[in-house]
Every structure is written in structure tokens, then in C-alpha cells.
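Here is a short set of exercises to work through at your own pace. Keep the sequence and the model open while you do.

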Amino acid sequence: MSAIATSIENNHRLIILALVGVIVVFLVACTFNDGLPICHWIFNCDHLFHQ
């Protein structure tokens, strides 16, 4: 358990940046669902803004 805590402590900025990056990718994918249908593939959501 100490090894995990040490690893997190040493790499906390990288972990935070990775999590923020994932959130940004999903926000962009769900915003531009027509061009990047990642949101549809992962969450099976259908954003029909153009109706």
C-alpha cells in the first residue's frame, strides 16, 4: 500500500492531467457528436440537435 501511495504522490500532476484530458475528450466528443461519434459508441446517446 505504501508503494501505491508513494507512486501517487510522485505522479499526482500527471494523474490529474490525464483525468482532465479524459473529461475534455468526452466533452468535445459529446459536443461534436456528428463529426466524432465517440459519445454514441461509448454511452449510446443520441444527441439530435439538428432536428
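**Exercise 1.** Does Ile 38 count as buried, partly exposed or exposed, and what is its relative accessibility?

*Solution.* Start with the ground rules: this is a predicted model, in which local features need pLDDT (the predictor's confidence in each residue, from 0 to 100) of at least 70, side-chain atom pairs count only at pLDDT 80 or more, and totals for chains, interfaces and linings use all residues. Residues are numbered from 1 along each chain as its sequence is written, and side-chain values use heavy atoms, with hydrogens and water left out. Next, the cut-offs: buried means under 20% relative accessible area, exposed over 50%, and partly exposed in between (1.4 Å probe, protein chains only). Ile 38 has 23% relative accessibility, so Ile 38 is partly exposed. Ile 38 lies in helix α3, and its C-alpha atom is separated by 9.3 Å from that of Val 25, 13 residues apart along the chain.

**Exercise 2.** Describe the helices and the confidence in them.

*Solution.* First, the protein has three helices and zero strands (DSSP runs numbered from the N terminus: H or I of at least four residues for helices, E of at least two for strands). Then look at confidence: the mean is lowest in α3 (residues 38–43), at 70, and highest in α1, at 89.

**Exercise 3.** Which residues make the nonpolar surface patch?

*Solution.* Met 1, Ile 4, Ile 8, Ile 15 and Leu 19 make a patch of about 550 Å². Patch residues have over 30% relative accessible area and no salt bridge (a side-chain nitrogen of Lys or Arg within 4 Å of a carboxyl oxygen of Asp or Glu); like charges are joined within 9 Å, nonpolar side chains (Val, Leu, Ile, Met, Phe, Trp, Tyr) within 5 Å. Areas come from the Shrake-Rupley method with a 1.4 Å probe; for residues, only the protein chains shown count as cover. Finally, α1 (2–10) and α2 (12–31) each supply at least two patch residues.
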